Amino acid sequence: MADKMITHTGGCHCGRVRFEVRAPARLPVSECNCSICSKSGYLHLLVPADRFKLLSGSDVLTTYTFNTGTAKHLFCSICGVKSFYVPRSHPDGFSVNARCLDPGTVEEMAVSQINGREWESQYPEGRGNYTD
Ligand SMILES: [Zn+2]
């Protein structure tokens with residue numbers, strides 16, 4: 001995808017956690033059926049670490065881990081919203097919750113499905129790629 005990158009901003013519900021992320025205006029996002037994503041309704045925008053910048057909130061983020069412990073689920077300890085985290089599929093990058101982006105910069109979202117429930121068959125190489 002050769003779409004040009006723009007800066008989106010977003011954050012948690014109470015506003016303590018704020019970030020910016022470089023991504024196209026037409027966002028490639030994915031929905032995952034694993035135990036935690038399906039319960040929280042998380043919509044993934046996967047980006048390399050250099051396209052994500054945490055602006056505020058490092059002092060209120062709480063980390064939750066389970067299973068292999070590779071994924072670092074980062075919740076705001078005040079409002080409970082997971083606006084971004086470090087996913088098991090992309091441990092060197094970030095997954096931003098596309099539902100937590102501010103309105104105004106996203107033109108549309110192209111949603112694809114991730115079969116995280118069967119993680120090993122979804123990611124036979126042990127990790128995923130970035131879409132652009
Ligand atoms: Zn919050």
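Does Arg 88 count as buried or exposed, and at what relative accessibility? I start with that residue, then go through the pockets, the rings and the charges.

1. **Arg 88 and its partner.** A reminder before the numbers: this is a predicted model. Arg 88 counts as buried, because its relative accessibility is 19% and the cut-off for buried is under 20%. The side chain of Arg 88 meets that of Glu 120 in a salt bridge, with 3.4 Å from N to O. Arg 88 sits in the loop between E8 and E9 while Glu 120 belongs to helix H2, so the bridge ties together parts that are 32 residues apart in sequence. Glu 120 itself counts as exposed, at 56% relative accessibility. You may want to look at this pair with the next point in mind, since Arg 88 is among the residues that lie nearest the centre of the largest pocket.

2. **The largest pocket.** The space in this pocket comes to about 360 Å³. Its lining has 23 residues, and those nearest the centre are Cys 34, Phe 66, Arg 88, Gly 116 and Trp 119. Three elements each give at least two residues to the lining: helix H1 (35-40), strand E4 (43-48) and helix H2 (119-122). H1 supplies the largest share, with 3 residues. By residue type, the lining is made up of 12 nonpolar, 9 polar and 2 charged residues.

3. **The second largest pocket.** Here the volume is about 230 Å³. Of the 16 lining residues, Ser 30, Leu 46, Ser 112, Asn 129 and Thr 131 lie nearest the centre. Strand E3 (26-32), E4 and strand E10 (108-114) are the elements that give two or more residues to this lining. The lining divides into 7 nonpolar and 9 polar residues, with no charged ones. Strand E4 therefore deserves a look in both places: E4 gives at least two residues to the lining of the largest pocket, and two or more to that of the second largest.

4. **Aromatic pairs around Phe 84.** A pair of aromatic rings is described by the distance of the centres and the angle of the planes. The count for this model is 9 aromatic pairs. In one of them, the ring centres of Phe 19 and Phe 84 are 6.0 Å apart and the planes make an angle of 70 degrees, so the pair is edge-to-face. That contact links distant parts of the chain, with Phe 19 in strand E2 (residues 18-24) and Phe 84 in strand E8 (residues 84-85), 65 residues apart. Both of these residues, Phe 19 and Phe 84, are buried. Phe 84 also pairs with Phe 94: the centres are 5.9 Å apart and the planes stand at 65 degrees, so this pair is edge-to-face too. Phe 94 lies in strand E9 (residues 93-97), 10 residues from Phe 84.

5. **Burial in the aromatic cluster.** Phe 19, Phe 52, Phe 84 and Phe 94 form one aromatic cluster. Phe 84 counts as buried because its relative accessibility is 3%. Phe 94 is also buried, with a relative accessible area of 18%, which falls under the 20% cut-off.

6. **Lys 82 and two tyrosines.** Lys 82 lies over the face of Tyr 42, 4.7 Å from the ring centre. The charged end of Lys 82 also sits over the ring of Tyr 85, at 4.0 Å from its centre.

7. **Other salt bridges.** Side chains of opposite charge can pair when their charged atoms come close. The whole structure holds 6 salt bridges. One of them joins Lys 53 and Glu 20, at 3.9 Å from N to O. This pair links strand E5 (residues 52-56), which holds Lys 53, to strand E2, which holds Glu 20, across 33 residues. Both ends count as partly exposed: Lys 53 at 47% relative accessibility and Glu 20 at 26%.

8. **The Arg 26 network.** Arg 26 forms a salt bridge with Glu 107, and the closest N and O atoms are 3.6 Å apart. Arg 26 is in strand E3 and Glu 107 in the loop between E9 and E10, 81 residues apart. Arg 26 counts as partly exposed at 45% relative accessibility, whereas Glu 107 counts as exposed at 57%. Together with Glu 108, these two residues are linked in a network of salt bridges.

Note on methods. Residues are numbered from 1 along each chain as its sequence is written. This is a predicted model: local features need pLDDT of at least 70, side-chain atom pairs count only at pLDDT 80 or more; totals for chains, interfaces and linings use all residues. Side-chain values use heavy atoms; hydrogens and water are left out. On a 1 Å grid over the protein atoms alone, a cavity is a set of points where a 1.4 Å probe fits but cannot get out, and a pocket is an open set with protein on both sides within 12 Å along at least five of seven lines; lining residues have an atom within 4 Å of a point. Grid points are joined across faces, edges and corners, and a volume is the space filled by probe spheres set on the points. Helices (H or I, at least four residues) and strands (E, at least two) are DSSP runs, numbered from the N terminus. Ala, Val, Leu, Ile, Met, Phe, Trp, Tyr, Cys and Pro count as nonpolar, Asp, Glu, Lys and Arg as charged, and the others, Gly among them, as polar. Rings of Phe, Tyr and Trp (its six-membered ring) pair if their centres lie within 6.5 Å; planes under 30 degrees apart count as stacked, over 60 as edge-to-face and the rest as tilted. Buried means under 20% relative accessible area, exposed over 50%, partly exposed in between (1.4 Å probe, protein chains only). A charge sits over a ring if NZ of Lys or CZ of Arg is within 6 Å of the ring centre and within 35 degrees of the ring normal. A salt bridge is a side-chain nitrogen of Lys or Arg within 4 Å of a carboxyl oxygen of Asp or Glu.
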